[in-house]
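Here are a few exercises on charged side chains and where they sit. Keep the sequence and the 3D view at hand as you work through each one.

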Amino acid sequence: KMEIVEDSNISKIPSESTEVELIREGDNAVFRTNDGEYRFASIQQGKKVKVSKKNTVDVGSLVGQPWGSLYEIDRGRLILCSDLDVPTHTDPLSAEYKTGDAEVPDVGGKESSDAQRLSAEQLEAMKSEGQSGEKIIKALVQNSKTFAEKSSFAQQKYIIKKRKKYSAFVKIIKPSGFELCRGYYEAKPAVISNMRLDTLGQILTNGNIQANSQVIVVDNCNGLIVGSVFERMGGIGTILEIFEGAQPALKIVDLFNFQVEKLQSIHHYPMKEVLLVNDFTKTPKLEGPVPTVPNTRFGMIPHDQQKTHARHLIRNQVDSLIITTRYDPSAVFFPLFEHLALSRPFVVYCAYLQPLAEIYNRLLIDKKALNMDLTETWMREYQVLPDRTHPMMNMKNNSGFILYGIKVEDTP
């Protein structure tokens, strides 16, 4: 059995205590339902959140509850469940559902309309009376004419299907780079440039992100990369976020629940100023009122203060360069590549292969990088169940291409 260990918020230094971290008012949370839907919202007293297409709940009761708790949704209320209360698709059939023999072959196909003795009106009456989803499912099983003829595997599939329709559960998850990437990929993949969680992991690993590093980041994923880099660094180090346009777009950073004082290690700098830093013969002139650049949590920071600090960081050279863009990355890669220290890694993510191939060839010809690799990211999910372990029939779509390597210098 392969286990995935999910990192908690690294910005908080782990201690020897085993105290359970509780949800505070104002925290952001990831809501994941049993039918695979994701929602993102803040926890506020008296606030109602639409956690799925069919269910809207009051989240005020979550304040003071532990992260990772599972709740049953009952007419707009959240009822805390224990692990024993919630059956999963990996559990064997309970005795109350076992009416067929495991050796009986599956009859297959869809059930006919007369296979269920309960009518739609009776089911609606049970729901209006407030009966739980499990009670409704038990009634469906008892009144099914074909359930006993199914194999145990088919019986499990039948119950899982009915649970998705009649039982509603939601898990309250603490935001992390892993969970936010997975949630946005399932709900709104275009927001994060169709980046899967395995792609994010490769970017952070190949970029050698660690504490006490100075990293340049170009983030076209609405803050997912900046937030994930900050999370892995634990707020110890410096992130120089290069943006194009009038201001940075980092709305996902606010979902991480980072400590406000630690976000001072993230500095924002426009790409046009980087080009001026590269050309030492030009000095930018500020005309009229001093413009400002918005910072994610600290309001407005004077432009000249940002510029001076960013120039100091860039000219000292940085430890890592990460670029994620949906456009041609060469326009930003080569100006920023000059500020990467020797023997330091770079990672470029793009949805298209050709721009990365051009960068690869140019670096190869100029002998400015080694250990380069240009890969297409893909992931295949596996179903792991007793006697039914196999790859899933459908795979996720392409999640772009990654170019990574180490900067070197060709000296005689």
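**Exercise 1: a pair between two loops**

Arg-344 is partly exposed, with a relative accessible area of 30%. Please bear in mind that this is a predicted model.

*Task.* Find which residue forms a salt bridge with Arg-344, and work out where the two partners lie.

*Solution.*
1. Start from the general idea: side chains of opposite charge can pair when their charged atoms come close.
2. The partner is Asp-319, and the closest N and O atoms of the pair are 3.3 Å apart. The cut-off for a salt bridge is 4 Å, so this pair qualifies.
3. Now place them. Arg-344 is in the loop between helix H9 (330-337) and strand S14 (345-350), while Asp-319 is in the loop between helix H8 (303-315) and strand S13 (320-325). The two are 25 residues apart, so the pair links distant parts of the chain.
4. Finally, check the cover on the partner: Asp-319 has 24% relative accessibility and counts as partly exposed.

**Exercise 2: buried or partly exposed?**

*Task.* Asp-27 forms a salt bridge with Arg-24. Decide for each partner whether it is buried or partly exposed.

*Solution.*
1. The closest N and O atoms of Asp-27 and Arg-24 are 3.4 Å apart.
2. Buried means under 20% relative accessible area. Asp-27 has 7% relative accessibility, so Asp-27 counts as buried.
3. Arg-24 has a relative accessible area of 46%, so Arg-24 is partly exposed.

**Exercise 3: a pair within a helix**

*Task.* Locate Arg-362 and Asp-366 and describe how they are spaced.

*Solution.*
1. Both residues lie in helix H10 (residues 353-366).
2. They are four residues apart, which is about one turn of the helix.
3. Arg-362 and Asp-366 form a salt bridge, with the closest N and O atoms 4.0 Å apart.
4. For accessibility, Arg-362 has a relative accessible area of 44% and is partly exposed; Asp-366, at 35%, also counts as partly exposed.
5. Elsewhere, salt bridges that share partners join Arg-32, Glu-179 and Arg-182 into one network.

**Exercise 4: the whole chain**

*Task.* How many salt bridges are there, and what share of the residues is buried?

*Solution.*
1. The count comes to eight salt bridges.
2. Buried residues make up 45% of the 412 residues.
3. For the setting, the chain has ten helices and 18 strands.
4. Of the contacts between residues at least 6 apart in sequence, 69% join residues at least 24 apart.
5. The chain exposes about 22300 Å², and carbon and sulfur atoms supply 51% of that area.

Key
Residues are numbered from 1 along each chain as its sequence is written. This is a predicted model: local features need pLDDT of at least 70, side-chain atom pairs count only at pLDDT 80 or more; totals for chains, interfaces and linings use all residues. Side-chain values use heavy atoms; hydrogens and water are left out. A salt bridge is a side-chain nitrogen of Lys or Arg within 4 Å of a carboxyl oxygen of Asp or Glu. Buried means under 20% relative accessible area, exposed over 50%, partly exposed in between (1.4 Å probe, protein chains only). Contact means heavy atoms within 4.5 Å. Accessible areas come from the Shrake-Rupley method with a 1.4 Å probe; for residues, only the protein chains shown count as cover.
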